[in-house]
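These are my notes on how the chains of this model are related and how they meet. I looked up the interfaces, the symmetry and two helix packings in turn.

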Amino acid sequence: MKQFTSVHDVQDVAALVNEALELKQSPYAHKSLGQNKTLGLIFMNPSLRTRLSTQKAGMNLGMNVMVMNLDKEGWALETRDGVIMDGTTVEHIREAAAVMGQYCDIIGIRSFPKLQDRNEDYSEDLLNKFIELTGVPIVSLESATRHPLQSLADLVTIKEQAAAGKRPKVVLSWAPHIKPIPHCVANSFAEWMQQADVELVITNPEGYDLAEEFTKGAQVLHNQDEALQDADFVYVKNWSSYEQYGQVLTDGEGWMITNEKLALTNNAKVMHCLPVRRGLELSHEVLDGPNSLVIEQANNRLYAAQAVLKRMLESL
Amino acid sequence: MKQFTSVHDVQDVAALVNEALELKQSPYAHKSLGQNKTLGLIFMNPSLRTRLSTQKAGMNLGMNVMVMNLDKEGWALETRDGVIMDGTTVEHIREAAAVMGQYCDIIGIRSFPKLQDRNEDYSEDLLNKFIELTGVPIVSLESATRHPLQSLADLVTIKEQAAAGKRPKVVLSWAPHIKPIPHCVANSFAEWMQQADVELVITNPEGYDLAEEFTKGAQVLHNQDEALQDADFVYVKNWSSYEQYGQVLTDGEGWMITNEKLALTNNAKVMHCLPVRRGLELSHEVLDGPNSLVIEQANNRLYAAQAVLKRMLESL
Amino acid sequence: MKQFTSVHDVQDVAALVNEALELKQSPYAHKSLGQNKTLGLIFMNPSLRTRLSTQKAGMNLGMNVMVMNLDKEGWALETRDGVIMDGTTVEHIREAAAVMGQYCDIIGIRSFPKLQDRNEDYSEDLLNKFIELTGVPIVSLESATRHPLQSLADLVTIKEQAAAGKRPKVVLSWAPHIKPIPHCVANSFAEWMQQADVELVITNPEGYDLAEEFTKGAQVLHNQDEALQDADFVYVKNWSSYEQYGQVLTDGEGWMITNEKLALTNNAKVMHCLPVRRGLELSHEVLDGPNSLVIEQANNRLYAAQAVLKRMLESL
């Protein structure tokens, strides 16, 4: 595997899920694979789960791991080509990325969208420059439009929890928020579910439809109650508007998943990528109740990352 | 050992001190013990000694260590239960702690008190939530009311330096400061000394008596010169008022330990947990003189942390 | 090797360059050398290349590496002796350095000059205090007046790239910048080149002559075109005025190295320590063209650091 930035980088999704589940059984079985290999984890934004799970995944495989909060520890980065750098940016991504490629065998990179210019965000400029300029395999630790390690962990969790012999109904349900939030997790989840043996339904208020590129083939309903009928899994996530790019259009009253909403489902398991705003995105009762899978999802982040890094190490 | 947050978590204090001293002789004798075990060190506040000594202690035992400055690298944390998170906090400690427990076999956590509400600080809410929610052994790296790794290192140092055959007189002496400082180090030192074979005397200006919970059984004198008589060890530390909670009541003129003050003692060794404000808390002449143990105390932080981690690894 | 702060700490420069080149061939040949040894990397300022390359160099030698951004993670540091610390600084370097020396077998330290008081900067007070107080070997990760790991990597790069059988002409060429920049890289490069088998020419506008201590023996020309004649290597770097200390005296129009300027040389290879401001210090066309060595220089930072650390480990 030469890069991992979306589900399209994976030849056989089910095999990768199985590999993650095998690693969960034997996390230290491949410690010689990463000997004398260096994993660089580059963060432009905060991270808790992604940072810790990917760092540990590398160490479980025997790698040396270097974590760099580039926004705080490094130099202010210029990403535009051809400009005269006589302002506040100190280093160009052309040099920064190429240099990091000298020191690392695999690089993970996190960079959030600015949510101001849709074309700019959806061009995935920074991620693509890292792929182009570092010369080493790149793992997305969440980019402007996708969060594939999260989605892989989500699919692993669904695989573990789904009832045997039934194709589960999975509902991606928009949730309220007070701030404009990126589409990455929702886009990515939709994209991965389409590659899995599940029935995907997406529900969100009008004006919040995700880009068709990610949802094509899935049913999109603006009536949440209808969508929740017989759901086996409800994946809760806020995102800002794609059409009115980066805007918050509604306070989303009535869209928070509660026990009352859960009653509409097939005793659905509830998922969220975290961090979650309690009482706003998802009710306390659900998060603290028996249907929540959020901590198990976070746990599976480790094995998702480890499966991806293992594949990359094998193809170095 | 399932947690290490105060002296009350230690069954046999003298045995733990001895274990630290043995580890000082052979720091790498137990490198297989920590194989494939992960130590997470979580900081909500700055740290130099605690961070470096505990990180190294973990590595000496063969552990993988992940350091996380949660205040800077992670998400703004909500600690109150039941609130609607529609403000500035992004992640609730219920999720954050549970998630970190998934990735770590042992977690160390540092969180200072706010010094505004005594009941809030002394409830040790954050530390207790980590114990409750992570599901793994917790080491306090300094909490709102105690700093047990420091106290253990202090006791190790006293054990090393005390004259043979004599029960040493140890004086905890309040020192001047310009800012309100937590009680943790002083509370914790008092608590540990009561469990050791020493005579503890505490001296501080009126209005600065520590909580009885920590000092019960020790002599408390408001006359420093009287307290210093025949002292074998003087432990210097500032703290703000407990009674008038978090207040600075006096500039403390005359309370700084100088060579003149030392002349009242039995050529006492002088201790401080560091960082120390020179010329304010403790005189340059004493810090640079032959009676200072402050660097040796810092050195022993490593073996104190290693002894605690070793015990925890053994009981995993 | 007991310290590495300038070329004067190196007995045989050519041998150290050769050692770096050997390590480039076999970076993992000495992994047992650093077993149970701890490298502390202390940063007072941002770092990308130095941080990652030195961290990796330590790991390649089997060391445990602890990285500490002391300006962000630790306590505000006092460096003046004898002051009463009743202001904003919380810890004195006397304690901080001594403590770090307890936990580390080798310490690397980066601290930039303030560019306000020439005598203060050129006294290298902080670096010297670390050497005096830690009691362990100190590697400069860039100090107020020198950047020796960079210079060693530069010399390694020149050795690799120089045509056989010819003593190369190396031109250190001042470049424009919008802000006052330290002299470290330029001083250090000049100092190292004087110890190497090269012809060094320095060119800068009037008012920008470096301190004689570093340039003595080299030709200094204020006419860049004249200097560039027949150059085999052009080392591009901005620095502020030494005479009018820390000042920017000119916008430097016409001093940026372009393909047109390169035409004056012997098809010179172009070097820069990075980070570089594109279009201001150095043209895009040169940086993206075949004559640029900047990424290879960064690559060689790893082996320079590894050679130095190896020597230090051998003399522990």
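I began with the pair C:Arg49 and A:Glu91, whose side chains meet in a salt bridge with an N to O distance of 2.8 Å. I note that the model is a predicted one. I then asked how many salt bridges are found between chain A and chain C. The count there is 3.

**Entry: chain A with chain C**

I looked up the extent of this contact and found 34 residues from chain A and 32 residues from chain C. The buried area between chain A and chain C comes to about 2,900 Å². Carbon and sulfur atoms contribute 57% of that area.

**Entry: chain A on chain C**

I next checked which rotation superposes chain A on chain C. A turn of 120 degrees does so, with a shift of 0.0 Å along its axis and an RMSD of 0.0 Å. The residue of chain A that comes closest to the rotation axis is A:Lys72, its C-alpha lying 5.3 Å away. I also recorded that the copies use different surfaces, since 3% of the contact residues of chain A recur in chain C.

**Entry: chain B with chain A**

I turned to the interface of chain B and chain A. Here 34 residues of chain B are in contact with 32 residues of chain A. I noted a buried area of about 2,900 Å² between chain B and chain A, with 58% of it given by carbon and sulfur atoms. Across this interface the rule finds 3 salt bridges. I looked up the one between A:Arg49 and B:Glu91, in which the closest N and O atoms are 2.8 Å apart.

**Entry: chain B on chain A**

I found that chain B can be laid on chain A by a turn of 120 degrees and a shift of 0.0 Å along the axis, the RMSD being 0.0 Å. I therefore entered the relation as that of a three-fold axis. In chain B, the C-alpha nearest the axis belongs to B:Lys72, at 5.3 Å from it. The copies use different surfaces in this case: 3% of the contact residues of chain B recur in chain A.

**Entry: a helix pair between chains B and C**

I asked at what angle H2 (residues 49-60) of chain B and H4 (residues 93-103) of chain C cross. The angle is roughly 5 degrees, and the axes come within 10 Å. I therefore classed H2(B) and H4(C) as roughly parallel to each other. From H2(B) the contact takes B:Arg49, B:Leu52, B:Ser53 and B:Lys56, and from H4(C) it takes C:Val99, C:Met100, C:Gln102 and C:Tyr103. By class I entered 4 nonpolar, 2 polar and 2 charged residues for this contact.

**Entry: a helix pair inside chain C**

I looked up H1 (residues 13-25) and H7 (residues 148-161) of chain C, which pack at about 75 degrees with their axes 10 Å apart. That makes H1(C) roughly perpendicular to H7(C). Among the contact residues I listed C:Leu16, C:Leu21 and C:Lys24 on H1(C), and C:Leu152, C:Val156 and C:Glu160 on H7(C). The contact of H1(C) with H7(C) has 8 nonpolar, 1 polar and 3 charged residues.

Technical notes. Residues numbered from 1 in each chain as written. Chains lettered and ligands numbered in written order. Predicted model: local features only at pLDDT ≥ 70, side-chain atom pairs only at ≥ 80, totals over all residues. Heavy atoms only, no water. Least-squares fit on C-alpha atoms with pLDDT ≥ 70 in both. Contact = heavy atoms within 4.5 Å. Axes fitted to C-alpha atoms, helices over the stretch in contact; angles between N-to-C directions. Helix = DSSP H or I, 4+ residues; strand = E, 2+ residues; numbered from the N terminus. Parallel < 35°, antiparallel > 145°, perpendicular 65-115°, else oblique. Nonpolar A, V, L, I, M, F, W, Y, C, P; charged D, E, K, R; others polar. Buried area = accessible area lost by both parts, 1.4 Å probe. Salt bridge = Lys/Arg side-chain N within 4 Å of Asp/Glu carboxyl O.
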